[in-house]
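Subject: Structure handover

Hello,

Here is the structure I promised to pass on. My notes follow below it.

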Amino acid sequence: MKVFHRLSKRPPVRRIVAGCFAVIALVSGSLWVRGLLRAAHERQANQLLAQQVQTAESAAQTATSALPPSQPETEPEAAAPPHNLPQYDALWQQNHDFAGWLSLEGAGIDLPVLYTPQEPEYYLRRAFDGSSSFSGSLFLGAGWTPDANHAIIYGHNMDDGSMFGQLERYRSEEYARAHPSLRFDTLTQQREYEILGAFYSRVYTKQEQGVFRYYQYLDLSQEEVFQEYLRQVQASSLYDTGVTAQYGDRLLTLSTCSYYTDDGRFVLVARQKLT
């Protein structure tokens, strides 16, 4: 009696490997497309905020120009508390964490800045409306006040150029000289700044000594601390802009990630323009 063995048909190994690669490619492609759509949605949301500010500012300027000349006061009045600038009031009504607006035309930055004193990094992965956001929002470091003489603003270095994705353009002295000014308005004041310095840095460990931890200089109200920060910025800067500062000037520091090294950072420092 003959026994017949039926051989099982096994797919070639190469076919299995090819199938696995096809699945991986499909999943990767799907994630890539989803990432692009998410980034586009987040950019559009920020552009709508910028349009809202521009529209409100234009309307306020039109209304002001239409007013009749003011008459001199017959009696002095007590100074009124400052009010929100008209272009920012509506955004503040939407979100009381809204602290100001940052504009760098040269880096394509025209964005709101948020501040949450109890949890400074709250908006690290949140949009203006508080929803989850991979690109997050620009936010101020701990201890900031509108009257402080130093503000540190943090933002992500996004691959699509959004947020602080183009800030590293200022590594070039030629570029900085072509775009020397920026604007950081608080809710009540418009403020123009000029570039003082730009440098590469990183987040240092506690064990490292003799390094410039720029992110720890939150309060420059003491003259010796102000002068030390200014000296370190000038010593670290990639070029000399010809701009310097004196104690009492208001400084602005912008910080983002840089991938030249682990935990790398790119930093831009500016001084408020003298009036």
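The largest pocket has a volume of about 380 Å³. Please bear in mind that this is a predicted model. The lining of that pocket counts 17 residues. Nearest its centre are Glu 121, Leu 124, Phe 139, Tyr 154 and Arg 265. By type, the pocket lining splits into 10 nonpolar, five polar and two charged residues. Which strand gives the largest share of the lining? That is β7, residues 251-258, with three residues.

Now the closed spaces. There are three cavities of 30 Å³ or more. The largest cavity holds about 50 Å³ of space. Its lining is made up of Gly 141, Ala 142, Gly 143, Trp 144, Ala 148, His 150, Ala 151, Ile 152 and Leu 218. Six of these lining residues are nonpolar and three are polar. The lining of the largest cavity has no charged residue.

Next, the strands. Start with β1, residues 98-104, where seven of seven residues are buried. β1 has two pairings to look at. With β2 (residues 109-114), β1 runs antiparallel over six bridges. Phe 98 has Leu 114 of β2 as its bridge partner. β1 and β2 form a hairpin with four residues between the strands. In this hairpin, Gly 108 takes a positive phi near 65°.

The other pairing is with β5, residues 181-186. It is antiparallel too, with four bridges. Here Gly 100 is matched with Thr 186 of β5.

From β5 the pairing carries on to β6: three bridges, antiparallel. Leu 182 stands opposite Tyr 193 in β6. β5 and β6 also make a hairpin, with five residues in between. β6 covers residues 192-202, and eight of its 11 residues are buried. β6 then pairs with β8 (residues 264-272), again antiparallel, through nine bridges. One bridge there sets Tyr 200 against Phe 266 of β8.

On to the cores. In soluble globular proteins, nonpolar side chains tend to be buried together. In this model the largest nonpolar core has 31 residues. Which residues have the most contacts inside it? They are Leu 102, Leu 104, Ile 153, Tyr 170, Phe 184 and Leu 254.

Phe 184 deserves a look on screen. Beyond its neighbours within four places in sequence, Phe 184 is in contact with Gly 100, Trp 101 and Leu 102, among others. Its contacts also include Val 113, Leu 140, Trp 144, Ala 151 and Ile 153. Arg 191, Tyr 193 and Leu 252 are on that list as well. There is also a second, separate core, of 20 residues. Among them are Leu 196, Tyr 229, Val 233 and Val 243.

One last residue: Ser 237. It lies in the loop between α4 (223-236) and β7. Is Ser 237 buried or exposed? Its relative accessible area is 16%. The cut-off for buried is under 20%, so Ser 237 counts as buried. What does Ser 237 touch, not counting residues up to four places away in sequence? It touches Gly 197, Ala 198 and Phe 199. Ser 237 and Gly 197 are 40 residues apart in sequence, yet their C-alpha atoms are 5.2 Å apart.

Over to you.

Best wishes

Definitions and conventions: Residues numbered from 1 in each chain as written. Predicted model: local features only at pLDDT ≥ 70, side-chain atom pairs only at ≥ 80, totals over all residues. Heavy atoms only, no water. Buried < 20%, exposed > 50% of the residue type's maximum accessible area, 1.4 Å probe, protein only. Pairing = 2+ DSSP bridges. Core = buried A, V, L, I, M, F, W, Y, C linked by side-chain atoms within 4.5 Å. Contact = heavy atoms within 4.5 Å. 1 Å grid on protein atoms, 1.4 Å probe; cavity = no way out; pocket = protein on both sides within 12 Å on 5 of 7 lines; lining within 4 Å. Points joined across faces, edges and corners; volume = space filled by probe spheres on them. Nonpolar A, V, L, I, M, F, W, Y, C, P; charged D, E, K, R; others polar.
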